[in-house]
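I opened my notebook today to look around a protein chain, one question at a time. Come along and check each entry against the picture.

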Amino acid sequence: MPQPGCSCCYDEAFDADFAASELRLYRRRGPGRASKALADALSRPSVAGLTVLDIGGGVGAVHHLLLERGASSATDIDASSGYLAAAQEAAASRGLTDRVTFRHGDFVALAADIEPADLVALDRVVCCYPDVDALVGRAAERTRRRLAITIPPDIWVARLVIRAINVWEWVTRSDLRIHAHPHERVRALARAAGLVPVSSTPVGSWRLLVFERPILTSDSR
Ligand SMILES: C[S@@+](CC[C@H](N)C(=O)[O-])C[C@H]1O[C@@H](n2cnc3c(N)ncnc32)[C@H](O)[C@@H]1O
């Protein structure tokens, strides 16, 4: 059933059973390749004392890595209550509970109420959300230093796979749809919020896009 503020069905698509099995996998194998690469990109040159906004954080792999490397605090905002509960459990077992604020809901709907953060992560989230302008635009506006996004590659094979996944979602009566948002649109939204593209690198079957807010020196003002 659609949730207030959510355009879809994240509580159903990523329900408690799904999140619990992702948490078991995370405990056995550690962070996935995309999450690790994204956290590494946000960690450069350092995370010491910085704040983190992990949008759609799942089990919390990205904010765990950043907090364990010295970030001061994190906010995890997730539209799935199953994932949020799994992230709370994982944070507790790592002794990180006091440094993470958990919010349930659609980031786009709640954005006005979310403090900007130094480091912002959208790890495999943009493709789950139909309104790329609102999601990436608001995330970029709330980025003080760096924004990192993992997204499906902008190539026809990926678009074909996404179509096949959506047929499966339809057959299984799920309301979730995967979206192949053009990377150029993502870059334009980041630029419009004052960020500059730093890199675009392949990570397994994903692409990692990194943006940075230029530091204004007295010369450049
Ligand atoms: C494919 S999962 C990825 C989870 C995790 N980031 C990872 O890479 O393992 C997508 C996540 O994004 C969340 N999500 C999608 N759109 C969202 C939005 N607008 N606000 C908050 N969470 C969102 C979903 O609830 C889900 O937890």
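My entries below go from the whole chain to single residues.

**Entry 1: How far can I trust it?**
I noted before anything else that this is a predicted model. The mean pLDDT of the chain is 93, and 94% of its residues reach 70 or more. I then looked at residues 1-6, where the pLDDT is below 50. That stretch has eight contacts in the model beyond near neighbours in sequence. I will leave those contacts alone, because predicted coordinates should not be read in detail where pLDDT is low.

**Entry 2: The whole chain**
I looked up the secondary structure and found nine helices and seven strands. The radius of gyration is 17 Å, close to the 17 Å that the globule rule gives for 221 residues, so the chain is as compact as a globular protein of that length. Along the principal axes, the C-alpha atoms fill a box of roughly 60 × 40 × 35 Å. I also checked burial: 40% of the 221 residues count as buried. Then I turned to contacts with a separation of 6 or more, and 71% of them join residues 24 or more positions apart.

**Entry 3: The core**
Which residues have the most contacts inside the largest nonpolar core? I found L38, L66, L119 and V126, in a core of 62 residues. This fits something I had read: in soluble globular proteins, nonpolar side chains tend to be buried together.

I picked L119 for a closer look. Leaving aside neighbours within four places in sequence, L119 is in contact with L42, V47, L50, V52, L66, A71, R145 and R146. I was pleased to meet L66 again, since L66 is also listed among the core residues with the most contacts.

**Entry 4: Two helices and what covers them**
I started with α3, residues 33-43, where A34, S35, A37, L38, A39, A41 and L42 are buried. What covers them includes the helix α4 (61-68) and the strands β4 (117-123), β5 (143-151), β6 (196-203) and β7 (206-212).

Next came α7, whose buried residues are L135, V136, R138, A139 and A140. They pack against β1, α6, β4, β5, α9 and β7. I underlined R138 in this list, an arginine among the buried residues.

**Entry 5: Around the ligand**
I counted 21 residues around the ligand, and Y10, G56, G58, S80 and F107 come nearest. Both β2 (73-78) and α6 (107-110) supply at least two residues of the shell. How many of the shell residues are nonpolar, polar and charged? I wrote down 12 nonpolar, five polar and four charged.

**Entry 6: Buried or exposed?**
I compared a few charged residues here.

- R142 sits in the loop between α7 (132-141) and β5. It counts as buried because 20 other C-beta atoms lie within 10 Å, and 20 is enough for that label. Beyond its neighbours within four places in sequence, R142 is in contact with L53, A111, I114, P116, A117 and V120. The C-alpha atoms of R142 and A112 are 9.4 Å apart, though their places lie 30 residues apart along the chain.
- E68 lies in helix α4 and counts as partly exposed, with 13 C-beta neighbours inside 10 Å. From E68 to L96 I noted 8.6 Å, C-alpha to C-alpha, for 28 residues apart in sequence.
- R24 is found in helix α2, residues 16-29. With 12 other C-beta atoms within 10 Å, R24 is exposed. R24 and A90 are 66 residues apart along the chain, and their C-alpha atoms are separated by 10.0 Å.

**Entry 7: Backbone oddities**
I reminded myself that most residues other than glycine have a negative phi, and most peptide bonds are trans. Then I went looking for exceptions.

- The peptide bond from R44 to P45 is cis, with omega near 0°. I placed P45 in the loop between α3 and β1 (51-55).
- R124 is not a glycine, yet has a positive phi of about 60°. R124 lies in the loop between β4 and α7 and is partly exposed, with 18 other C-beta atoms within 10 Å.
- R173 also has a positive phi of about 60° without being a glycine. The loop between α8 (156-171) and α9 (183-192) holds R173, which is exposed, with 7 other C-beta atoms within 10 Å.

Terms used
Residues are numbered from 1 along each chain as its sequence is written. This is a predicted model: local features need pLDDT of at least 70, side-chain atom pairs count only at pLDDT 80 or more; totals for chains, interfaces and linings use all residues. A residue is near a molecule or strand if its C-beta atom, placed from the backbone, lies within 6 Å of it. Helices (H or I, at least four residues) and strands (E, at least two) are DSSP runs, numbered from the N terminus. Ala, Val, Leu, Ile, Met, Phe, Trp, Tyr, Cys and Pro count as nonpolar, Asp, Glu, Lys and Arg as charged, and the others, Gly among them, as polar. Two residues are in contact if their C-beta atoms, placed from the backbone, lie within 7 Å. A nonpolar core is a set of buried Ala, Val, Leu, Ile, Met, Phe, Trp, Tyr and Cys residues joined through C-beta atoms within 7 Å. pLDDT is the predictor's confidence in each residue, from 0 to 100. The radius of gyration is taken over C-alpha atoms; the globule rule is 2.2 Å times the number of residues to the power 0.38.
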